[in-house]
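Welcome! Let us look at a ligand and its surroundings, one question at a time.

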Amino acid sequence: MSIVNKAARLKDQMETVCKQSQREMQDITLVAVTKTVDIPRTKEVIQAGIIHLGENRPEPFLEKVKALEGEKIYWHYIGSLQTRKVKAVISHIDYLHSLDRISLAKEIEKRAEKPVKCFVQVKTSPEESKHGLMPEETLAFIKALEEYKKINVIGLMTMAPYTADKKSVRSCFQKLKKLQEEIQSHCFQHATCTELSMGMSNDFDVAIEEGATFIRIGSSLVGE
Ligand SMILES: *Cc1c(COP(=O)(O)O)cnc(C)c1O
């Protein structure tokens with residue numbers, strides 16, 4: 001199936017879930033995760049009308065930025081970002097989905113020319129070897145980000161465990177939503193936290209039902 005057809009299929013599925021859960025399509029941004037595909041295939045994604053792209057390794061990311069210069073693209077960095085790589089990549093990142101430590105915020109503060117839209121990554125499933133803050137330490141972390149003027153906390157991000165058990169997946173997304181409400185109740189100027197980045201190929205339907213505003217789709221869109 002071509003990427004154009006896969007994109008159409010995905011949008012149909014998103015529309016169905018939106019209808020069933022009283023959500024609006026326009027409130028959900030589809031990020032195509034192109035981390036596993038080459039530049040020609042990434043171009044196909046853009047030709048299919050998707051302008052939000054997600055990458056997770058600095059070198060291929062920078063290669064794509066260069067090759068696709070002039071295209072209207074919003075770049076999402078979705079992987080754990082090493083502090084020493086910040087300098088090279090930060091000016092090309094429109095959304096960082098993996099802010100998970102103060103040392104990273106510090107480096108961004110030093111290297112970025114303008115504020116960066118960031119998601120704080122939260123570990124909502126303890127059994128997983130995923131990155132991110134524990135839910136109970138997230139509020140204090142976000143408070144501590146206030147002094148970093150280049151960090152604009154637009155939301156929270158999480159990854160659910162890869163399992164067919166929809167209940168445990170749903171519980172991760174619900175945890176993130178609850179945490180968002182708690183943070184929003186503080187009305188932080190530097191952390192409006194209006195967005196939720198959650199949901200991948202196998203669980204975006206549950207994520208939309210639970211309030212996702214950004215979904216990150218790789219394999220079902222660009223996979224073979
Ligand atoms: C790879 C990746 C995705 C996309 O996963 P698929 O299952 O291929 O849709 C989403 N988010 C993050 C953080 C990823 O690393």
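Q: What makes a pair of atoms a polar contact?
A: A polar contact is a pair of N or O atoms within 3.5 Å; within protein, one must be able to donate a hydrogen and the other to accept it, and residues adjacent in sequence count only if both atoms are side-chain atoms. This is a predicted model, where local features need pLDDT of at least 70, side-chain atom pairs count only at pLDDT 80 or more, and totals for chains, interfaces and linings use all residues. Residues are numbered from 1 along each chain as its sequence is written, and side-chain values use heavy atoms, with hydrogens and water left out.

Q: How do you know that Arg216 makes a polar contact with the ligand?
A: An N or O atom in the Arg216 side chain is 2.8 Å from a nitrogen atom of the ligand. The limit is 3.5 Å, so the pair counts as a polar contact.

Q: What links Ser201 and Ser219 to the ligand?
A: A polar side-chain atom of Ser201 lies 2.5 Å from a ligand oxygen atom, and a polar backbone atom of Ser219 is 2.7 Å from an oxygen atom of the ligand.

Q: Which residues are around the ligand, and what makes a residue near?
A: A residue is near if one of its heavy atoms lies within 4 Å of the molecule. Among those around the ligand are Val33, Lys35, Ile78, Met157 and Gly218.

Q: How does the shell around the ligand divide?
A: The shell has six nonpolar, three polar and two charged residues. Here Ala, Val, Leu, Ile, Met, Phe, Trp, Tyr, Cys and Pro count as nonpolar, Asp, Glu, Lys and Arg as charged, and the others, Gly among them, as polar.
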